[in-house]
Amino acid sequence: MSVIPRVEILARLGGRLLEGPAWDAPHARVLLVDIEGRRRHAVDWATGDVTTHEANETETAWIPRSAGGTVVVCRRGVRLADDDGVGELALEVEEERRSNRSNDAKCDPAGRLWLGTMSDAEDEPVGSLYRLDADLSLTRVLEGTTISNGLGWSPDARRMYFVDSPTRRVDAFAYDIGVGEASDRSVFVETTDFPGVPDGLAVDGEGCVWVAMHDGAALLRFSPDGRHVGTLDIPVPRPTSCCFAGPSLDRLVVTTAASDDGSGGDLFVCDVGVAGMPTIAFAG
Ligand code: BGC
Ligand code: CA
């Protein structure tokens, strides 16, 4: 990056743990949740107006559905919902493990919803990664994850990225988009040379991966072959996730969490000079 991009506030939300931004193209809005603040927010792209919904439980992702309406990933499982995120629980996830909650979730390019779980204590490998198909059948794909986080796919959909934060790695899987199968896990990048831990991620149109470094005050950009090719400094310590947004998908929207010093918890936006992959709506 030759020009230093300007990171600006998109919405002052004063939240605790903003997460899971998604671009809702038909409504030209950004959806996001505040996991610990128990709220979800929709930010109108044209006006910047924020619509806030109080949630009576932990919600960790809010994603459009291709049939209309949205899907909310919540502590107990998955809710099929209207445009405001209001709706019934469609299936429970890990009902036997009440000290676990969901965490990051994202759809693959065919509209299958991938979601991870983790313990509230964040310190034991008792989480799993699941795939929810359009017919609402749920498959446990990985076990023994600790803080299941960033998910993404290469532009050709032949690779899936996945972060289990305490490993401080971004891993890659070979991906079969025809059936939604991830195989041949390998290390894509080690982030131990950088401050913080990897959290959410987004993939741009050149196949580069933008990784939010929680407690690292930056997003790191890695080329498809795993080289560090850029750093976007974020003015607060805890960026949590990012997604490409706007009608041309050329703005990177960054969620942040509050830190002990009181900063963070707002939504940022930046023109990073490259357009990204769209948010895929859930096909179920
Ligand atoms: C989780 C947080 C965690 C953070 C850093 C987030 O996705 O929701 O609870 O502290 O990742 O690992
Ligand atoms: Ca996350």
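**Close-ups of an all-strand predicted model**

**View 1. Arg40 sits over the ring of Trp62.** Arg40 lies over the face of Trp62, 5.6 Å from the ring centre. To count as over a ring, NZ of Lys or CZ of Arg has to be within 6 Å of the ring centre and within 35 degrees of the ring normal. A note on ground rules: this is a predicted model, where local features need pLDDT of at least 70 and side-chain atom pairs count only at pLDDT 80 or more, while totals for chains, interfaces and linings use all residues. Residues are numbered from 1 along each chain as written, chains are lettered from A and ligands numbered from 1 in the order written, and side-chain values use heavy atoms, with hydrogens and water left out.

**View 2. Trp153 meets Tyr175.** The whole structure holds 6 aromatic pairs (rings of Phe, Tyr and Trp, the last by its six-membered ring, with centres within 6.5 Å; planes under 30 degrees apart are stacked, over 60 edge-to-face, the rest tilted). In this one the ring centres are 5.8 Å apart and the planes at 70 degrees, so Trp153 and Tyr175 are edge-to-face. Trp153 belongs to strand E14 (residues 148-153) and Tyr175 to strand E16 (residues 169-176), so the pair ties together parts 22 residues apart in sequence. Strands here are DSSP runs of at least two residues (E), helices runs of at least four (H or I), numbered from the N terminus. Both rings are buried: Trp153 has a relative accessible area of 7%, and Tyr175 has 6%. Buried means under 20% relative accessible area, exposed over 50%, and partly exposed in between, using a 1.4 Å probe and protein chains only. Add Trp114, and you get one aromatic cluster of Trp114, Trp153 and Tyr175.

**View 3. Phe194 and Phe222 pair up.** This aromatic pair is also edge-to-face, at 6.2 Å centre to centre with 85 degrees between the planes. Phe194 is in the loop between strand E17 (181-190) and strand E18 (197-203), and Phe222 in strand E20 (residues 218-222), so the contact links parts 28 residues apart in sequence. Phe222 is buried, at 2% relative accessibility.

**View 4. Four residues hold the calcium ion (ligand 2).** Glu19 (OE, listed twice), Asp104 (OD, listed twice), Asn149 (OD1) and Asp199 (OD) are its protein donors, lying 2.2 to 3.1 Å from the ion. Donors are N, O and S atoms within 2.8 Å of the metal (3.2 Å for Na, K and Ca); water is not among the atoms, so sites may look incomplete. Along the chain, the donor spacing reads E-x84-D-x44-N-x49-D. Asp104 comes from strand E10 (residues 100-107) and Asn149 from strand E14, so these two tie together parts 45 residues apart in sequence. Asp104 is buried at 6%, and so is Asn149 at 3%.

**View 5. The largest nonpolar core has 28 residues.** Such a core is a set of buried Ala, Val, Leu, Ile, Met, Phe, Trp, Tyr and Cys residues joined through side-chain atoms within 4.5 Å. Trp210, Leu219, Leu232, Leu252 and Val272 have the most contacts inside it. Among the strands that each supply at least two core residues are E1 (7-11), E19 (209-214) and E24 (267-270). E24 gives the most, with 4 residues.

**View 6. Thr146 is tucked into a loop.** Thr146 is found between strand E13 (138-145) and E14, and it is buried, with a relative accessible area of 12%. Leaving aside neighbours within four places in sequence, its contacts (heavy atoms within 4.5 Å) include Met118, Glu122, Asp164 and Pro166.
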